[in-house]
Each structure stands twice: as C-alpha cells, then as structure tokens.
Amino acid sequence: MTEAAIQSPTPVEPLFEPLQGMRSLRVLARLLDYPTQELQDACGELIEILNAERRLGAALKSSLMEWCQRLQEGDLLELQAEYVALFDKGRATSLLLFEHVHGESRDRGQAMVDLMAEYSAAGFELDARELPDHLPVFLEYLSMCDEAEIGRWLGEIRHILALLTARLEERGADHALVPLSLLALIGAEGDVEEHRPQVKKEVPDNTPEALDAVWEEEAVRFSATSDEDCALQSAEGRRLAERKNSVKSEAVRIMTATSPSPSANRQ
C-alpha cells in the first residue's frame, strides 16, 4: 500500500513531507474522518504505523490498532451512520476545536484568522472546504511540525482534548482514543478525569428534542442584524488566540519514545 493511502480525503496540500516519527498524527487524523472504503482499505497500513510509534504506551496502541481492525471489518454503511450520529448531531462532540470554547458567540472570527496565519507561515495550504480548526486538518498540520511545536500546540488545546475525550467516552465511542492519544503524547491523560463528573451531568444535545430546540433558537435569532452575526459565525470562531493571550503557556514536551518491547511487533 502506498503512502497516498493515508492522505486526507479532504484536499489539504502540504508543501513538505511530515517528519517520519510523527506519521502517527496523520493516522489519528484519518481515524476521525468520515468512514469510506478508502479508509477501510488503508487500515492495514494505519496499524503498521501505530505499531511503530514508540511515544504511546502499549495498552493505548493496542486499543487503537484493535479499533482499526474493527473499522476494516465493519459494515461501511453502519460505520457511516454511527459517525453521523456522533459528530453531525449536536455540538458536544464537535471536531471543530473552537466550538468547545465560544460556541456560536461573536468571538470566533479572529481566532480562525490567527490559526490560518499560523498555517500560512509554515507553508501549509488548506482547501476552503474544511475549516482550519477541524481536528483532522489540525493534526495534518501538526504532523509536519517539529516536536517542540507539536508539544506547544497540544499544550494549548489540552483542555479541549480532555473535554472531548470525556464526552466521547461517555457515548462509548472508539473515537475517544484519538484525543486521549494526543494527551498521552504530552503526558496529560490525567486531565480527562476532572471532566468526567461534569460530562455525566450534561443533558444530551443530540436528541430529537434538543435538535428541535436549536432550530427554534436559530429562527428566533434571525433578524435585521443577523447578516453580521452569520458573517462572524461562519468563520468558526476565536479560540486559541484568546487562550494564548490570557493563559501563560506551559512548557510541554512530547513523551520520549520508548524502546521496543518483545511484543512490540505483535498486531
């Protein structure tokens, strides 16, 4: 299977190749994509790359590889239906990073501009069909950064990753393994624990009743000034810029790669 097999189905066009050691970030990006036959066909290669990643613990790698196996063997239509139910209904499990900080507030546009500026400065070009804070796109970008930059960014969004992990775990979704793995790369898996009690009390936002309420709220908000609101909301919000300005950055390092164990090659 060729390297192209794990390229993002979204038209993200990097101008340089990612570091070999962090190809696992691209695997994690693919695991959050809408399931396709292409993804299923690539699962064997995804497993190989995960198995070679020494920065993740054996148990976590095993869980990721088992998930890949389930994806490969699963009924595609069922996988797609599960994905839609998980990510396209409600906002609690949104893969748009900024969604979890400001929601639909006006404070969203500048953060998207700032993130796009980061991409451009690194020579990363993004097709307009995906928003810059879409987590799979963000991971594509990180896969081409050095470890210090990866650690910086994962440290910036660790609170979002922890909340997303807790919410996906609450729904019994394998996809929780992705943000959990990202936290594991910086030794922050424990961050999830503080969010679990809160998440258990949350009212589900993906029920028919909750979705109807959202539609009613949007209808009420439509007014003579809504053009301005829509223009700001369509940018998908301001998040990381505000956090970077208000919270002192922590020095976060990627976990050191561990030496191979006797069972490291077992899949």
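**Entry 1: two early helices**

I started with how helix 1 and helix 2 cross, and the crossing turned out to be left-handed. I should jot down now that this is a predicted model. Helix 1 covers residues 23–31 and helix 2 covers residues 37–52. Their axes sit 10 Å apart, and the packing angle is about 145°. I wanted both values because two packed helices are described by the angle between their axes and the distance between the axes.

Next I looked up who touches whom. From helix 1 I got Arg23, Ser24, Val27, Arg30 and Leu31. Their partners in helix 2 are Leu39, Glu45, Leu46, Ile49 and Leu50. Sorted by class, this contact has 6 nonpolar, 1 polar and 3 charged residues.

**Entry 2: another helix pair**

How do helix 9 and helix 10 cross, left-handed or right-handed? I found a left-handed crossing for helix 9 and helix 10. Helix 9 is residues 158–170, helix 10 is residues 177–185, and their axes come within 8 Å at roughly 145°. Helix 9 brings Arg158, Leu161, Ala162, Leu164, Thr165, Leu168 and Glu169 to the contact, while helix 10 brings Pro179, Leu180, Leu182 and Leu183. I noted the classes here too: 8 nonpolar, 1 polar and 2 charged.

**Entry 3: Ser181**

While on helix 10, I checked Ser181, which is part of that helix. Is Ser181 buried or exposed? Its relative accessibility is 0%, so Ser181 counts as buried. Leaving out residues up to four places away in sequence, I listed what Ser181 touches: Leu28, Leu56, Leu60 and Leu64. Leu28 is 153 residues from Ser181 along the chain, yet their C-alpha atoms are 8.4 Å apart.

**Entry 4: helix 7 and the loop after it**

How many residues of helix 7 are buried? I got 8 of 8 for this helix, residues 135–142, so I wrote it down as mostly covered, buried being under 20% relative accessible area. The list runs Leu135, Pro136, Val137, Phe138, Leu139, Glu140, Tyr141 and Leu142. I noticed that Glu140 is on that list of buried residues.

Then I moved on to Met144, in the loop between helix 7 and helix 8. Met144 has a relative accessible area of 11%, so this residue is buried. I also looked up its distance to Met22: the two C-alpha atoms are 7.9 Å apart, with their positions 122 residues apart along the chain.

**Entry 5: the core**

I counted 66 residues in the largest nonpolar core. Leu31, Phe138, Leu142, Leu154 and Leu182 have the most contacts inside it. As a general note to self, in soluble globular proteins nonpolar side chains tend to be buried together.

I picked Phe138 to follow up. Which residues is Phe138 in contact with, leaving aside neighbours within four places in sequence? I found Leu97, Leu115, Tyr119, Pro132, Trp153 and Ile157.

**Entry 6: cysteines**

How many disulfides does the structure hold? The count is 0. Cys68 has its nearest cysteine sulfur at 5.2 Å, on Cys43. A disulfide needs the two sulfurs within 2.5 Å, so that pair does not qualify. Cys68 is buried at 0% relative accessible area, and Cys145 is buried at 7%.

**Entry 7: the whole chain**

Last, I zoomed out. The chain has 14 helices and 2 strands. Of its 267 residues, 46% are buried. Among contacts between residues at least 6 apart in sequence, 75% join residues at least 24 apart.

Technical notes:
Residues numbered from 1 in each chain as written. Predicted model: local features only at pLDDT ≥ 70, side-chain atom pairs only at ≥ 80, totals over all residues. Heavy atoms only, no water. Buried < 20%, exposed > 50% of the residue type's maximum accessible area, 1.4 Å probe, protein only. Axes fitted to C-alpha atoms, helices over the stretch in contact; angles between N-to-C directions. Helix = DSSP H or I, 4+ residues; strand = E, 2+ residues; numbered from the N terminus. Left-handed = near helix turned anticlockwise from the far one by under 90°. Contact = heavy atoms within 4.5 Å. Nonpolar A, V, L, I, M, F, W, Y, C, P; charged D, E, K, R; others polar. Core = buried A, V, L, I, M, F, W, Y, C linked by side-chain atoms within 4.5 Å.
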